[in-house]
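Welcome! Here are some short exercises to help you find your way around a new structure. Try each one on your own before reading its solution.

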Amino acid sequence: MATVVESLTQLLQSAADTVGLEAIIPQVNATKSPDLGDYQSNCCFRLAKAAGTSPRELAAKLAAALPTGPVLAKVEVAGPGFLNLFLSNAYLGQALQAQFADPKLHVPQTQGTVVIDYSSPNVAKRMHVGHLRSTVIGLALHKLYDFCGWTVVADNHIGDWGTQFGKLIVSWDAWVDLAAFEQDPIGELQRIYVKFSQEATDAQQDLAREETAKLQAGDARNLGLWKRFIDASMVEFESIYSRLGVSFDVTYGESHYNDMLQPLVEGLLAQGVAEVSEGAVIIPFDKSDGKGLKDQPFLVRKKDGAALYGTTDLATVRFRLDTWAPKRVLYVTDTRQQLHFKQLFAATNKLGWNQAELVHVWFGLLSLPEGNMSSRSGNVIHLKALLDAAVDKAREIVDLKSAELPDDERALVAEAVGVSAVRYADLSQNPQANVVFDWDKMMAMEGNTAPFLMYGHARLRSIQRKEDLQHVVTGHGPVNDAERELTTLLLRFPSVVPAALEANRPSILAEYLFTVARSVNRFYSQSRIKGSVGEERAMRASLVAAASMTLSTGLGLLGIPALERM
RNA sequence: GCGCGGUUAGCUCAGCUGGAUAGAGCGCUGGCCUCCGAAGCCAGAGGUCACAGGUUCGAAUCCUGUACCGCGUACCA
C-alpha cells in the first residue's frame with residue numbers, strides 16, 4: 001500500500017490531468033491545524049499564472065476533479081487558493097495497519113555502505129562532556145543508517161599517534177607514580193601530561209620530540225609504553241561506551257596509517273598535486289577548489305619531515321575507499337574542524353578520489369560557564385561524573401514514583417533514565433549551535449526530555465498489560481480528534497526518518513518523537529481503553545500498539561531504551 | 001581581512017527545500033488523580049522573529065547590507 005503522501009500526490013496528479021494541466025508535480029504537506037484538513041496543497045499558486053486563471057479558480061477546478069471516496073473524505077478550497085484535503089477515517093485506519101505490518105514501518109530502504117567516523121577521543125585523557133556530542137550524534141546516525149538498510153562501518157578514529165606520546169613518555173620517566181597508575185591509569189596519565197604542559201623545560205620539550213620520533217621509528221621500549229597507554233585508555237573508553245550503548249565495528253586509530261604516510265606524500269609530490277613551500281609540503285588551492293580555500297593550503301608534511309593529521313586523514317580516506325568501497329563517509333566532529341575537512345575534501349577531489357560522498361557532520365562547541373573547556377587547565381567536567389549525577393537524580397525519582405518495583409530493577413531503570421536524559425539533552429537541540437553546559441538542563445527529567453518519551457512508552461505498555469491487549473494494529477479508523485491527530489502523526493514516521501538521515505540530524509527525529517509522545521498523552525487522557533468495547537476498543541488498542549512501536553523504534557534509533565516499566 | 005555559525009516569549013530553545021492566527025520546555029497563574037501510571041493532562045498570561053532594504057500573491061524562512069556574540073584562518077588535533 002502506498003504511503004499517504006504518495007496516494008494524495010497521485011490523486012492530485014490525476015485531477016490535474018483531468019483539468020488539463022500538464023507536467024506538474026503537485027506537492028502536499030501536512031497542515032498544522034485540523035480545521036485546515038489533514039494535508040494541503042499550494043500547487044495552485046504556482047500554476048495559476050501559466051493556466052491563465054487565479055489560484056482560487058484553479059483550486060476550485062482541481063477540487064471538483066478530485067474524487068472523494070475511500071481516501072479523501074472532503075476537499076475544500078480555502079483562502080487565496082489553498083487546497084485542503086481531509087482524509088477519511090477508514091483510510092487512516094487502513095494506512096496505519098499497512099504501515100505497522102511492515103517491520104521497517106514503511107521507512108524506505110537504501111543499499112550501500114556508509115563509514116561513520118565518530119567519538120574519536122584522544123588516548124591518555126579522560127572522556128569529558130566535550131566528547132558527548134560526537135559520540136551521541138554519531139551513535140544515532142549509526143542506528144539511523146542501519147535501520148534504513150545501509151551497511152554501516154562505525155570507525156572510532158582514536159588519537160593514538162603523534163606528538164603527545166613523546167611528551168607522555170618523557171613525563172612518565174620523570175614523574176610517574178606507578179602505584180597511582182595501577183589504581184587509576186588514566187588519571188595518572190592525565191596528571192603527568194598536564195604537569196608536562198605546565199612545567200616542561202626546553203630540554204624536556206626537545207626530548208619529547210626525540211621520543212616521538214623514536215616511537216614512530218619503531219623503538220621497542222617506546223612502543224611498549226605506547227601500547228600500555230592505549231590499553232589503559234581503551235579500558236576507560238569502553239566503560240563509557242558500554243553505558244552509552246556504543247560499539248564500533250573497527251577502531252583503526254591514527255597509528256594504523258603510519259606506514260602509509262610517507263609514500264602518500266611522495267606520491268602527491270610525484271603527481272604534482274603537492275608542492276614544497278617554506279620547507280613544508282602543501283597542497284595549494286585556488287578559488288576554483290572551493291569557497292574560502294584560496295590561500296588556505298593543506299599541509300601534508302612539516303618542514304621537519306613529520307606528517308600531520310591532514311596526512312593521516314588523507315591516507316584514511318584512501319584506506320576506507322579501498323577497504324569498504326563506501327557510498328558515503330561521515331565525519332562527526334566539532335565546528336573547529338570545518339576548514340580542515342573542506343581542505344581534505346578538496347584534496348580528494350584533486351586526486352580524483354570521488355567514489356564516495358564525504359560529509360563533515362559538524363556540531364557547535366560545548367563550553368562551561370567559566371569558559372572553554374581545557375584538559376590542561378583542568379576546566380572540564382568528566383563524562384562519568386555527569387552520567388553518575390544524572391543516574392543519582394533519576395534514582396531519587398524512581399524511588400519516589402515507583403517504589404513498588406524491586407530494588408534491582410529500580411537501579412536498572414535509574415541507569416537507563418539518567419543516561420538517556422543526558423543523551424537526549426544533547427541530541428534534541430540544533431547540533432550546529434554552540435551551547436554552554438548547564439547541569440540542570442542536562443539532567444532535566446520533565447518536559448521535552450528522554451524520561452518524558454520513555455514514560456509515554458512505558459505507560460502504553462502498561463495499558464497493554466493491564467487490559468490484556470494484543471500488540472497488533474488492525475484497520476479500524478480513528479474517531480475523535482485526539483485519535484485522528486495521533487494517527488496522522490504516526491503515519492509521518494516513514495518520512496521523518498529519511499529526513500533525519502539525509503540531513504544527518506537526529507534532532508529531527510527527536511523533535512518528532514516528542515510530538516508523538518505529547519499526542520499519546522492527550523490520546524489516553526481522552527480515549528479510555530478500559531471499558532471500551534467492540535470496534536472502538538479494537539481501534540484504540542491498535543493506536544496503543546502503533547504508538548508504542550513508533551516510540552520504541554524511534555527511541556532505539558536515538559540510542560534510548562524503551563523500558564516496559566519505569 | 002576572509003570563511004563558518006548564532007541573534008525568535010522572563011530563561012533555554014524548535015520552526016529555516018517560503019504558505020494561512022509564530023511553537024515547545026522551564027518559570028509564573030488557575031484547574032484535573034473514588035477513573036488503564038500525575039515522570040502526566042487542560043486552560044491562561046507572555047513575542048517590533050537583532051536592524052535596514054529587496055524578491056514574491058505570500059518572508060522568522062530566500063537575497064543584499066549593517067550591528068553585536070562565538071569559532072577557524074601553515075607546520076597542534
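**Exercise 1. How do the residues of the lining of the second largest pocket divide into nonpolar, polar and charged?**

Before we start, please note that this is a predicted model.

Step 1. Begin with the space itself: the second largest pocket holds about 940 Å³.

Step 2. Look for its centre. The lining has 30 residues, and those closest to the centre are Ser402, Tyr455, Ala458, Arg459 and Met566.

Step 3. Ask which elements take part. Helix H14 (383-401), helix H15 (407-427) and helix H17 (450-467) each give two or more residues to this lining. H17 gives the most, with ten residues.

Step 4. Now sort the lining by class: 15 residues are nonpolar, four are polar and eleven are charged.

**Exercise 2. Find the residues that come nearest to RNA strand B, and say which part of the strand they meet.**

Step 1. There are 61 residues around RNA strand B, and the nearest are Lys302, Asn430, Tyr455, Lys466 and Arg528. Of the strand's atoms that come within 4 Å of the protein, 60% belong to sugar and phosphate.

Step 2. Pick out some single contacts:

- Base: a polar side-chain atom of glutamine 40 is 3.2 Å from a base nitrogen of RNA strand B.
- Phosphate: lysine 401 places a polar side-chain atom 2.6 Å from a phosphate oxygen of RNA strand B.
- Sugar or linking oxygen: here the partner is a polar backbone atom of glutamine 432, at 3.1 Å.

Step 3. Trace the elements. Those giving two or more residues to the surface near RNA strand B include helix H2 (43-51), strand S4 (82-87), helix H13 (338-351) and helix H20 (506-526). The most comes from H17, with eight residues.

Step 4. Count by class: this surface has 21 nonpolar, 18 polar and 22 charged residues.

Notice that Tyr455 has now appeared twice: among the residues closest to the centre of the second largest pocket, and among those nearest to RNA strand B.

**Exercise 3. Check the length of helix H5 (residues 132-147) against the expected span.**

Step 1. H5 has 16 residues, and at 1.5 Å a residue these should span 22 Å.

Step 2. The end C-alpha atoms of H5 are 22 Å apart, so the two values agree.

Step 3. Is H5 mostly covered or mostly open? H5 is mostly covered, with 14 of its 16 residues buried. After H5 comes glycine 149, which has a positive phi near 100 degrees.

Step 4. Repeat the check on H15. Its 21 residues reach 30 Å from first C-alpha to last, close to the 30 Å expected. H15 is also mostly covered: 16 of its 21 residues are buried.

**Exercise 4. Describe the largest cavity and the second largest cavity.**

Step 1. The count of cavities of 30 Å³ or more comes to four.

Step 2. Take the largest cavity, with a volume of about 90 Å³. Its lining includes Val129, Leu366, Ala425 and Asp426. H15, strand S13 (435-436) and helix H16 (439-442) each give two or more residues to it. By class, the lining has eight nonpolar residues, one polar and three charged.

Step 3. Turn to the second largest cavity, of about 50 Å³. Among the residues that line it are Met1, His106 and Pro494. Helix H4 (residues 89-101) supplies the largest share, three residues. Seven of the lining residues are nonpolar, three are polar and none is charged.

Notes. Residues numbered from 1 in each chain as written. Chains lettered and ligands numbered in written order. Predicted model: local features only at pLDDT ≥ 70, side-chain atom pairs only at ≥ 80, totals over all residues. Heavy atoms only, no water. 1 Å grid on protein atoms, 1.4 Å probe; cavity = no way out; pocket = protein on both sides within 12 Å on 5 of 7 lines; lining within 4 Å. Points joined across faces, edges and corners; volume = space filled by probe spheres on them. Helix = DSSP H or I, 4+ residues; strand = E, 2+ residues; numbered from the N terminus. Nonpolar A, V, L, I, M, F, W, Y, C, P; charged D, E, K, R; others polar. Near = heavy atom within 4 Å. Polar contact = N/O pair within 3.5 Å; in protein donor to acceptor, adjacent residues only side chain to side chain. Expected span 1.5 Å × (residues − 1). Buried < 20%, exposed > 50% of the residue type's maximum accessible area, 1.4 Å probe, protein only.
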